[in-house]
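Student: I am new to this structure. Could we go through it by question and answer?

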Amino acid sequence: MKVVLSTLNSKFIHSSLALAYLETACCGREWEVEVIEFTINERMDNVMASIYLSQPDVLCFSCYIWNIEHILLLCRDLKEVSPHCVIVLGGPEVSYDAGQVLSENPAIDYIVRGEGEIALPELLEQIIRGGPVAEIKGISYRRHDRVHENPSRELIADLNSLTSPFKRDFSDYRDRIVYYESSRGCPFNCSYCLSSGVKGVRYFSMDRVKEELRRLLDYRLRELKFVDRTFNSDEIRAQEIMQFIIDQKPETKVHLEICAEIISQGFMDFLRQVPPGLFNFEIGVQSTCPQTLRAVRRYHNWERLQANILRLQSFDNIRLHLDLIAGLPLESYSRFQQSFNDVYRLQPDMLQLGFLKLLKGSDIYRDRSRYEYRFQSRAPYQVLSHSQIAYGEIIELGQVADVLNRYYNNGIVPNTLDYATNRIYQGDAFMFFEDLARFRRENNLFGLGHRREREYDILLEFFNDKHPGHGLECNELIKYDFLACNLPHRFPAAVKRINPADSRERLNACLRTGALLEQIPESVRGSRREMVKHLHLEYFALDPLDLNKGKQCLPLLFVYHPTAKKAISVLPLAGLPPTPGWKHI
């Protein structure tokens, strides 16, 4: 009997942790196991052909909100051409309404509910023998056109009883994200999370965690992403794991989800000295509205949380990713604006504006009538409206999220955003992004692909149209940000420039002086012909880093590393003559 374990990941760089555990649990038995991972971006006819050609006797899919629709369609078509293939589904997207999924999808034979490392091998044992499955806990199935649901299986009490899936070769994952768990469960009970239905936290042993991490970090992965719901729920344990990772001196970045409010002074002192660039922290703020937080059973003190985030930022060694959720109960559009501004003022490395999803199995899904929720009827079940927020406002927030990702999270205009939010909009960052989103909507700019330089043009067009009194400042800031964050080959068409016609000759003249050469980073130095390839001279009518100096003709030299796509150094060039007519910009 051949068993194929499969899923559709959201991106190629992602890997499936569930399949890794299930493969390990099912190997070494009386059947052959093959793991085949795809992505939702692949052509489904190609995916179906690959699965069909592998000729499985049993096909098992791991199901989530991002892949369930594709999987159900694949199963329907595969059953047509392989009617004797037994199809088994598992994962959170089918665990909470297994009976309904079976009733609506005749191609599905079995569903494994919850943790599958024990239930799936037991099910396969009976399938290969043609034996009864009525005694297998945690499965639902169809017999004679009737759906049967066996009693639920208890959670695996001893996680160390599971065979480690990390003893195999991970060489093929060096440019991918590998997901890892050192615990299961969460100490908190937020109503929008699937963990709200599971009490407590279960931990893998420290010896096992260290051994697995040692192996994984040797592979120089792109990123090792812990899926622990609250990594620092046990600070002593968290510190020991982080110190172990530090001691390995890995080249892999490590992503951790933490609760910043509960960080103690001792843990904060430890975090102060971790090596820069190794750890990314994801911190779920979600909202700063007290009534909303109480409604979803997320009890944090905003003042303490904010203070701890600012302290972490002051260390300048950990990348901070802060999350907001739009559509939570009791939070109106205007109150969400305050939550956005509260978090934006902290200037995290990334600010994710996500939307509530009413997941099957979550407490908020069960309470949906209480808050008059309307949500998508298909995955990902995203909120459409509730008693405090209309669908039109959800649409606007989606467009705000779009421009936030384009300009803030991509980091392409940091100085321009600082000027816009603090000088033009007087600290109301949400209003800026809202106005920019409205401008893009009015000009039919959403839903289109744009080159990077066009994004700069659109931003400058917005300022010139809505805030013409700030046109010069925004022009010079956008010009500076573009050159600092990109190679200068394709310049934004809307940006006004004051470079003299002989700017290249001026640059070559400067390179003949020893004073300039001493300022150029060692990685770029060489012959003048070679150095010029990595240098760009640009003139500015204002100092982009000190606008209060007023108009001037300022030449700046942007230095690019041979392998980087943004400037590594910006040098003012004193003594160069001004550009004729520069004052007319």
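Tutor: We will take rings, charges, cysteines and a surface patch in turn, and the model is a predicted one.

Student: How many aromatic pairs does the structure hold?

Tutor: Rings pair if their centres lie within 6.5 Å. By that rule, the number of aromatic pairs in the structure is 30.

Student: Take Tyr21 and Phe166. Is their pair stacked, tilted or edge-to-face?

Tutor: The ring centres lie 6.3 Å apart, and the planes meet at 85 degrees. An angle over 60 degrees counts as edge-to-face. So the pair of Tyr21 and Phe166 is edge-to-face.

Student: How many residues apart are the two partners of that pair?

Tutor: Tyr21 is in helix 1 (residues 17-26). Phe166 is in the loop between strand 7 (146-149) and strand 8 (177-180). The pair links distant parts of the chain, and the separation is 145 residues.

Student: Is Phe166 buried or exposed?

Tutor: Its relative accessible area is 1%. Buried means under 20%. Therefore Phe166 is buried.

Student: Phe166 also pairs with Tyr180. Is that pair stacked, tilted or edge-to-face?

Tutor: The centres of Phe166 and Tyr180 are 5.2 Å apart, with 50 degrees between the planes. Stacked needs under 30 degrees, and edge-to-face needs over 60. Neither fits 50 degrees, so the pair is tilted.

Student: Which ring does the charged end of Arg497 sit over?

Tutor: Look for a ring centre 3.8 Å from that charged end. The ring belongs to Phe491.

Student: And which residue lies over the face of Tyr365?

Tutor: The distance to the ring centre is 4.1 Å. The residue over Tyr365 is Arg368.

Student: How many disulfides are there?

Tutor: A disulfide is a covalent bond between the sulfur atoms of two cysteines. A search of the whole structure was made for them. The number found is zero.

Student: Why is Cys63 not bonded to Cys75?

Tutor: Cys75 holds the cysteine sulfur closest to that of Cys63. A disulfide needs the two sulfurs within 2.5 Å. Cys63 has no bond to Cys75 because their sulfurs are too far apart, at 7.0 Å.

Student: Which residues form a nonpolar surface patch with Tyr52?

Tutor: Tyr52 is found in helix 2 (residues 44-54). Patch members need over 30% relative accessible area, and Tyr52 has 35%. Together the patch has about 300 Å² of accessible area, and the partners of Tyr52 in it are Leu53 and Val81.

Conventions
Residues are numbered from 1 along each chain as its sequence is written. This is a predicted model: local features need pLDDT of at least 70, side-chain atom pairs count only at pLDDT 80 or more; totals for chains, interfaces and linings use all residues. Side-chain values use heavy atoms; hydrogens and water are left out. Patches are made of residues with over 30% relative accessible area and no salt bridge: like charges are joined within 9 Å, nonpolar side chains (Val, Leu, Ile, Met, Phe, Trp, Tyr) within 5 Å. Accessible areas come from the Shrake-Rupley method with a 1.4 Å probe; for residues, only the protein chains shown count as cover. A salt bridge is a side-chain nitrogen of Lys or Arg within 4 Å of a carboxyl oxygen of Asp or Glu. Helices (H or I, at least four residues) and strands (E, at least two) are DSSP runs, numbered from the N terminus. Buried means under 20% relative accessible area, exposed over 50%, partly exposed in between (1.4 Å probe, protein chains only). Rings of Phe, Tyr and Trp (its six-membered ring) pair if their centres lie within 6.5 Å; planes under 30 degrees apart count as stacked, over 60 as edge-to-face and the rest as tilted. A charge sits over a ring if NZ of Lys or CZ of Arg is within 6 Å of the ring centre and within 35 degrees of the ring normal.
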